[in-house]
Amino acid sequence: MPLQIYNSYTRQKEIFESVTPGHVGMYVCGPTVSGESHLGHARPYITFDVVYRFLQHKKYKVRYVRNITDAGHFEEEGREAEDKVSKKAQLEKLEPMELVQKYTNLFHWAMKQFNCIEPSIEPTATGHIVEQIGMIEDIIAKGYAYEVNGSVYFDVKKYAASHDYGKLSGRVIDELLDSSNRDSVTRELDGQNEKRDAADFALWKAAPPEHIMRWKSPWGEGFPGWHIECSAMATKYLGATFDIHGGGMDLLFPHHESEIAQSTICNHAAPVKYWIHNNMITINGRKMGKSYNNVIKLTELFSGDHPLLQQAFHPMTVRFFILQSHYRSTLDFSNDALLASEKALKRLWEAYEILQKLTIENEGEINQELDEKLNNWLQEFEMFMDDDFSSPKVIANMFEMAPVINSFKDGIIPVNSIRSATLALMQERFKTFLEEIFGLTATDSGNNEKMKPVMELLLELRKEAKAKKDFATSDRIRNQLNAIGIIIKDEKDGNTSWGLA
RNA sequence: GGUCCUGUGGCCGAGUGGCUAGGCAGAGCUCUGCAAAAGCUCGUACAGCGGUUCGAAUCCGCUCGGGACCUCCA
């Protein structure tokens with residue numbers, strides 16, 4: 001079964017065929033490094049990390065480009081005298097690039113916590129001013145942009161006359177162009193008078209004197225508009241038309257719509273074959289965002305230091321929580337929901353570790369029904385992921401198998417009642433999907449080399465005490481360990497295992 | 001105001017017209033020196049009202065509720 005992807009541009013699932021056979025070019029809108037990343041930001045990066053991993057699993061050579069926006073966006077075209085990055089830099093008395101460095105480092109740290117693979121190229125906006133200026137000059141030369149007082153605007157009306165502006169975001173172009181229609185959006189902006197039409201967007205903005213981040217351009221000193229950076233960098237590294245462009249749904253308009261317009265004019269081709277957009281993370285039914293004042297930063301999530309959190313959550317718990325819902329659904333955050341994910345992941349991971357240790361010496365009488373059921377579940381892993389990356393269904397199948405695996409271990413079902421080929425396939429599929437595609441890792445950090453012999457000694461002592469029916473001693477060991485967060489489990493075969501709570 | 005999405009059991013969440021999603025929490029049982037873990041079993045669902053259909057959570061219409069975008073935004 002071929003990979004199918006829901007394309008936001010056509011609003012339907014399409015069979016994935018890459019522009020260049022065997023290769024995939026993927027661009028994902030990266031962070032604006034003017035502040036700390038929050039839980040909402042984690043979703044696209046984890047979602048597209050899984051997309052990246054799955055494409056590689058499908059044997060594609062993938063060039064994954066994810067930008068760092070370090071030039072700053074505008075609060076509103078022209079409304080703020082300064083862009084976000086430089087404004088905050090002054091408040092915090094930091095050099096703009098110092099601030100950029102700080103949050104870039106923090107972002108990279110968070111990505112590492114989530115076990116996200118680094119992109120192939122991580123270009124910065126400030127490193128590509130030349131390319132952006134070149135692209136703007138090209139758009140002007142082709143007659144789709146105009147300069148006013150040192151700023152350059154894209155002529156949406158002209159573009160819309162011959163192109164489908166608004167298709168991606170489902171916007172009605174006449175409404176966008178007719179500013180009298182926008183009664184709720186009365187924009188009294190300085191840039192507004194310069195524009196020929198309210199729908200036009202900035203490609204380049206003249207920098208007022210106090211603006212720190214500024215570059216020389218054919219139109220005077222200024223800084224690039226927000227949308228041009230992605231067009232310039234995507235074109236440079238992925239070509240005129242590339243396979244996948246990803247990002248959050250909130251970027252559909254105006255960002256991605258504008259990107260399509262800019263690139264289409266410059267390259268005479270639609271820039272992207274498949275647009276993929278992840279849905280938002282909500283908190284009490286509201287989108288998580290600065291304007292709603294309901295942000296949980298990643299550092300707060302990992303430390304538990306937030307009024308909405310009862311405890312710290314491991315990055316893998318968060319990753320699992322995100323993978324348990326489909327990327328195009330909204331995902332509602334709560335402490336309880338995360339707690340449930342934490343327990344679920346623990347259970348699944350324990351079953352996975354048990355699975356990897358199972359062996360079959362000699363096949364016994366084969367339980368055909370069970371053997372077949374297991375094979376079906378395993379086969380569906382790939383099918384579900386092929387169907388627009390349906391990770392929740394794969395996870396559900398894994399949970400179907402967890403009781404079977406546990407029963408093998410406890411001897412409730414003999415392991416050799418399934419074919420050894422089936423067991424081998426289970427071990428391989430679980431490893432591939434859980435570790436390589438979902439990018440999950442063990443969370444049991446206390447299980448290190450020094451700890452093992454110590455625990456073995458303690459468990460040996462406890463076993464001896466139990467043999468002598470000295471339950472006071474055996475319970476003392478168990479309870480003391482329990483108190484410091486180590487759980488002892490007596491198993492059916494008389495062995496004892498342990499793990500962190 | 002415009003465009004679009006959505007409403008599933010205590011909670012989170014899959015659901016392609018007909019067959020138990022799954023997880024967490026809860027109840028009972030088995031195993032266990034006791035516990036934990038594990039296994040087995042159980043319960044309450046498809047916002048409301050109409051329509052299409054042999055049959056609808058799934059398609060259509062209306063009503064009510066929630067949300068997103070239209071402005072920086074993952």
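**View 1. Two buried tyrosines, Tyr52 and Tyr64 of chain A.** Tyrosine 52 and tyrosine 64 are both buried in this predicted model. Their ring centres lie 4.8 Å apart and their planes meet at 55 degrees, so the pair counts as tilted; for that label the angle has to fall between the stacked range, under 30 degrees, and the edge-to-face range, over 60. Follow the chain and you will find tyrosine 52 in helix α1 (residues 39-57) and tyrosine 64 in strand β4 (residues 61-66). Twelve residues separate the two in sequence.

**View 2. Phenylalanine 381 meets phenylalanine 433 edge-to-face.** Here the ring centres of phenylalanine 381 and phenylalanine 433 are 5.3 Å apart, and the planes stand at 65 degrees, so this pair is edge-to-face. Phenylalanine 381 belongs to helix α13 (residues 368-386), while phenylalanine 433 sits in helix α15 (residues 420-437), so the contact ties together parts that are 52 residues apart in sequence. Phenylalanine 381 has 0% relative accessibility and therefore counts as buried. Phenylalanine 433 is also listed at 0%, so the label for this ring is buried too.

**View 3. An aromatic cluster in chain A.** If you enjoy aromatic side chains, pause here: Tyr144, Phe154, Tyr159, Tyr165 and Phe201 come together as one cluster. For context, the count of aromatic pairs comes to 18.

**View 4. A three-stranded open sheet with mixed pairing.** Reading across this sheet, the strand order is β12-β11-β13. The edges are taken by β12 (286-287) and β13 (331-333), each of which pairs on one side only. Strand β11 (residues 281-283) runs parallel to β13, and three bridges join the two. To find your place in the ladder, look for isoleucine 283, whose bridge partner in β13 is phenylalanine 333.

**View 5. Stepping back to the whole of chain A.** To place the close-ups, it helps to see the full chain, with its 17 helices and 15 strands. The C-alpha trace spans about 90 × 50 × 40 Å along its principal axes. Of the 501 residues, 50% count as buried. Among contacts between residues at least 6 apart in sequence, 74% join residues at least 24 apart. The accessible surface comes to about 23200 Å², and carbon and sulfur atoms account for 49% of that area. Chain A carries 57 positive and 71 negative charges, and the mean positions of these two sets are 3 Å apart.

Definitions and conventions. Residues numbered from 1 in each chain as written. Chains lettered and ligands numbered in written order. Predicted model: local features only at pLDDT ≥ 70, side-chain atom pairs only at ≥ 80, totals over all residues. Heavy atoms only, no water. Helix = DSSP H or I, 4+ residues; strand = E, 2+ residues; numbered from the N terminus. Buried < 20%, exposed > 50% of the residue type's maximum accessible area, 1.4 Å probe, protein only. Contact = heavy atoms within 4.5 Å. Areas by Shrake-Rupley, 256 points an atom, 1.4 Å probe, with all protein chains shown as cover. Lys, Arg positive; Asp, Glu negative; His and termini not counted. Charge placed at Lys NZ, Arg CZ, Asp CG, Glu CD. Pairing = 2+ DSSP bridges. Phe/Tyr/Trp six-rings, centres within 6.5 Å; stacked < 30°, edge-to-face > 60°.
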